[in-house]
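Subject: Structure handover

Hi,

Here is the structure I promised to pass on. My notes follow below it, so have a look at the model and then read on.

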Amino acid sequence: FKKLVEGKLYKILHGPFKGLNGIFHQALKNKNIILILKLLGKDLNLKLPENYIAVNWFSFLYSFFYNS
């Protein structure tokens with residue numbers, strides 16, 4: 001599995017939050033992760049299986065071109 005980077009933006013692929021973006025916070029021992037989702041002005045800590053997220057390509061490309 002890809003190396004997840006704390007503070008980076010990832011897209012949720014499955015479940016009720018599918019299509020939303022969250023900030024990776026922490027990997028857990030049982031192949032779950034904690035993703036921070038900003039919703040209605042609040043930070044929600046979501047516990048998701050690590051295969052429920054993918055790199056947000058817009059965020060990746062932006063950081064590649066503008067932080068090099």
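Over how many bridges do β3 and β4 pair, and in which sense? They pair over eight bridges, and the sense is antiparallel. "Pair" here means that DSSP finds at least two bridges between two strands. Helices (H or I, at least four residues) and strands (E, at least two) are DSSP runs, numbered from the N terminus.

Before you go further: this is a predicted model, where local features need pLDDT of at least 70 and side-chain atom pairs count only at pLDDT 80 or more, while totals for chains, interfaces and linings use all residues. Residues are numbered from 1 along each chain as its sequence is written, and side-chain values use heavy atoms, with hydrogens and water left out.

How far to trust it

pLDDT is the predictor's confidence in each residue, from 0 to 100. The protein chain has a mean of 85, and 81% of its residues reach 70 or more. Confidence is highest in β4, at 95, and lowest in helix α1 (residues 57-66), at a mean of 60.

The sheet

The chain has five strands and one helix, in the pattern β-β-β-β-β-α along the sequence. The five strands make an open sheet in the order β4-β3-β2-β1-β5, with antiparallel pairing. β4 (42-49) and β5 (53-55) have a single partner strand each and stand at the edges, so one side of each has no neighbour in the sheet. From one strand to the next, the twist averages 45° (axes are lines fitted to C-alpha atoms, for helices over the stretch in contact, and angles run from 0 to 180 degrees between N-to-C directions).

Going through the other pairs, β1 (residues 9-12) and β2 (residues 21-27) are antiparallel over three bridges. β1 also pairs with β5, again antiparallel and over three bridges. Lys 11 is a handy landmark here: Asn 21 in β2 stands opposite Lys 11, and so does Ala 54 in β5. β2 and β3 run antiparallel and are joined by four bridges, with Ala 27 opposite Ile 33 in β3.

There are two hairpins to look at. The one made by β2 and β3 has four residues between the strands, and Lys 31 there takes a positive phi near 65°. In the β3 and β4 hairpin, two residues lie between the strands, and Leu 40 in the turn has a positive phi of about 55°. Along that pair, Lys 38 has Asp 43 in β4 as its bridge partner.

What is inside

I call a residue buried under 20% relative accessible area, exposed over 50%, and partly exposed in between (1.4 Å probe, protein chains only). Buried residues make up 25% of the 68 residues in the chain. In β3, six of the eight residues are buried. β1 alternates: Tyr 10 and Ile 12 point to one face and are buried, whereas Leu 9 and Lys 11 point to the other and are not.

The largest nonpolar core has 10 residues: Leu 4, Tyr 10, Ile 12, Phe 24, Ile 33, Leu 35, Leu 37, Leu 46, Leu 48 and Ile 53. (A nonpolar core is a set of buried Ala, Val, Leu, Ile, Met, Phe, Trp, Tyr and Cys residues joined through side-chain atoms within 4.5 Å.) β1, β3 and β4 are the elements that give two or more residues to this core, and β3 gives the most, with three.

Contact means heavy atoms within 4.5 Å. Leaving aside neighbours within four places in sequence, Leu 35 is in contact with ten residues' worth of surroundings that include Tyr 10, Ile 12, Phe 24, Leu 46, Leu 48 and Ile 53.Two polar stops

Asn 32 lies in β3 (residues 32-39) and is buried, with a relative accessible area of 16%. With neighbours within four places in sequence left out, Asn 32 is in contact with Ala 27, Lys 47, Leu 48, Pro 49 and Glu 50.

His 14 sits in the loop between β1 and β2. Is His 14 buried or partly exposed? His 14 counts as partly exposed, at 39% relative accessibility. Beyond neighbours within four places in sequence, His 14 is in contact with Asn 51 and Tyr 52. His 14 and Leu 48 are 34 residues apart in sequence, and their C-alpha atoms are 9.5 Å apart in space.

Cheers
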